[in-house]
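Let's take a guided walk through a protein model. Have the sequence and the 3D view ready, and turn the model as you read.

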Amino acid sequence: MKASYRLALLGAAALVPFTGAAGQTSTQVEDRMTTVAAPLAAYKPTADQAGVAGTVDAAAGQPGAAPAQMTRDNGAPIGSNRNSLAVGDAGPVLLEDTTLIEKLARFDRERIPERVVHARGTGALGVFRATTDLSDVTKASLFATGKETPVFVRFSTVIHPSGSPEGLRDPRGFAIKFYTDQGNWDLVGNNLPIFFIRDAIQFPDMIHSLKPSPVTNKQDPNRLFEFFSGTPEATNMLVHVYSNLGTPASYRTMDGNGVHAFKLVDKDGKVTWAKFRLISRQGVKNLNGDAANKAPFNYLTDDLYSAIAAGDNPTWDVMLQTMTPDELGKLSYNPFDDTKEWLEVPFRKIGELTLNQVPENFFRWTEQSAFAPANLVPGIEASPDRMLQGRLFSYSDTQRYRVGANVMDLPVNKPRVPVVNNYQDGQLDTALANKKVDVNYFPSVLDPKTVDPSFAPTPYKVDAIARTAPISKTEPFDQAGQFYRSLKPADKADLVKNLAGDLGVVTSMRTKVVMVSYFTQADRDLGARLAKAVKVPMGEVERAVAEYTAAVDKRYAGQP
């Protein structure tokens, strides 16, 4: 481990004097992560089921309450729900059977479009309690000491479809919806602290490479590594996701990260830059590849639901890194590059997040939940992070397409404060159902509405040339090497094995050589071990390293 990294850990420890989270002050996770031999032992609540009250398993055959009369959607009682209206014993079914037609039509529409990414997910409700007053850096109201804010958290895989096993290797989404008294704030992050790419214009291409081939309909390492061979900045994320962090043992035993930098603004307009992280009080526990392949299909969801049902509510310490505008310029890398961590910047604890309730209906909460980084509150604003800037549009837009224009009217997404605007119509519009409104424009003296300039975005100066060019500080390999060198020997071996498992099936020698050359530039030991595992001559790797340094723009190669 480099000396500067070691100092960062010591500095973080000095600033976090809280108990119950020993060793949780690291700016990276590898000092705390452990690999377990099998998924965490399942809780066994009533009838050995997943632990959700009201399930058939929980009832264990006990009769329910007095039966309720079934009705159609219009409230009219149903006379038959097992036999269609038909002509005689052998005649056709009649179209006039309104119960049949409505039942089939509703069934045909039970599914909304699947998320393109983060389709396989699990959610739970809980509370955030602020433990530190942050009025010195932000006017966001939820950070008053002792204040509690309800939350909904959705965990997920990124690439795999909704019906996939939960043990597949993938980053894990860690999205939090804070229902604050100033509106909803969505912190839409992952269990890993960085991302593959730094510019949202590459996001569709990256996802296309990771998704099944449009020809074979199979996920193919040839495609994804061919893409990443032209994307050296992904090296840091690849060593993270191919470590055992890519196969967590439990949603409860993984950290959360906002990934991006954000702009905090206090009541006087002072700007502080920040990153958010959630440190699991349950520790960081992962599976190796063999154990993940043997894990039960639904083990992550079952573990989370069962723990909450048993009263073992998982808790995370919410941490904050901050820098002043002057401090940003002193970093050796671009502070708004989401492929980098702020390794030199210590954390301080600002609150605690606890999950304590399983939703009563999976679709209504987990499936219809709509997270978007654009859902910000006063005091928290976007940074110039190019990936975040694209997500501000993309996430809100995809939710309006997936669920509908009135997605924010659904209970899981609805703010817990009055919503006042002139938006109207669209699918499932219910906002005006009980209110006669003729003034749907602004301004108006008949139905006046107001805006408060104190809530306007913080002004900032821009003095630059608009152009399509990479950022000036792009060094793609340094932090990947730091991460590798910080791993325990067994975790290093698993990383090499996991990488080789996918890279080894790639048929293009050029792609394999280039990828190994990237990992070699991160750490020579990692490169040498991986080259041996995938049968790539080190001479070819060294040649690729030399060609990379010579051919790539010096600034892009991280040289002065």
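## The whole protein

Of the 560 residues in the protein, 50% are buried, where buried means under 20% relative accessible area, exposed means over 50%, and partly exposed lies in between (1.4 Å probe, protein chains only). This is a predicted model, in which local features need pLDDT of at least 70, side-chain atom pairs count only at pLDDT 80 or more, and totals for chains, interfaces and linings use all residues. Residues are numbered from 1 along each chain as its sequence is written, and side-chain values use heavy atoms, with hydrogens and water left out.

The protein has 16 helices and 12 strands. Here helices (H or I, at least four residues) and strands (E, at least two) are DSSP runs, numbered from the N terminus. About 27,300 Å² of the protein is exposed, and carbon and sulfur atoms supply 56% of that area; such areas come from the Shrake-Rupley method with a 1.4 Å probe, and for residues only the protein chains shown count as cover.

Contact means heavy atoms within 4.5 Å. Among contacts between residues at least 6 apart in sequence, 75% join residues at least 24 apart.

## The annotated residues

Which residues carry the feature "active site" in UniProt? The record, an unreviewed entry, places it at His 118 and Asn 190. They are spread over 73 residues of sequence, yet they cluster in space, with a largest C-alpha distance of 10.4 Å. The "binding site" feature, also from an unreviewed UniProt entry, is placed at Tyr 395. UniProt positions are given in the numbering used here, feature names are shortened, and annotations may be inferred rather than shown by experiment.

Is His 118 buried or exposed? His 118 counts as buried because its relative accessibility is 15%. You can find His 118 in the loop between helix H3 (98-108) and strand E2 (121-130). Not counting residues up to four places away in sequence, His 118 touches Arg 154, Ser 156, Thr 157, Val 158, Gly 173, Asn 190 and Tyr 395.

Asn 190 belongs to strand E5 (residues 183-190), and Asn 190 is buried too, with a relative accessible area of 8%. Leaving out residues up to four places away in sequence, the residues that Asn 190 touches include His 118, Arg 172, Phe 195 and Asp 255.

Tyr 395 sits in helix H11 (residues 386-402) and counts as buried at 16% relative accessibility. Beyond its neighbours within four places in sequence, Tyr 395 is in contact with His 118, Val 188, Phe 371, Ala 372 and Pro 373.

## Backbone details

Most residues other than glycine have a negative phi, and most peptide bonds are trans. With that in mind, look at two residues with a positive phi.

| Residue | Phi | Place |
|---|---|---|
| His 118 | near 65 degrees | loop between H3 and E2 |
| Asp 425 | near 65 degrees | loop between H11 and H12 |

Asp 425 is partly exposed, with a relative accessible area of 42%. Which residues does a cis peptide bond join? The bond links Phe 442 and Pro 443, and omega is about 5 degrees. Pro 443 is found in the loop between H11 and helix H12 (478-486).

## Two helix pairs

Two packed helices are described by the angle between their axes and the distance between the axes. Axes are lines fitted to C-alpha atoms, for helices over the stretch in contact, and angles run from 0 to 180 degrees between N-to-C directions. Angles under 35 degrees count as roughly parallel, over 145 as roughly antiparallel, 65 to 115 as roughly perpendicular and the rest as oblique.

Helix H14 (residues 509-522) packs against helix H16 (residues 538-551) at an angle of about 75 degrees, with the axes 8 Å apart. That makes H14 roughly perpendicular to H16. The residues of this contact divide into seven nonpolar, four polar and one charged. For this count, Ala, Val, Leu, Ile, Met, Phe, Trp, Tyr, Cys and Pro are nonpolar, Asp, Glu, Lys and Arg are charged, and the others, Gly among them, are polar.

Helix H4 (residues 203-210) and helix H5 (residues 221-228) pack at about 150 degrees, with their axes 7 Å apart, and are therefore roughly antiparallel to each other. Their contact residues divide into five nonpolar, two polar and two charged.
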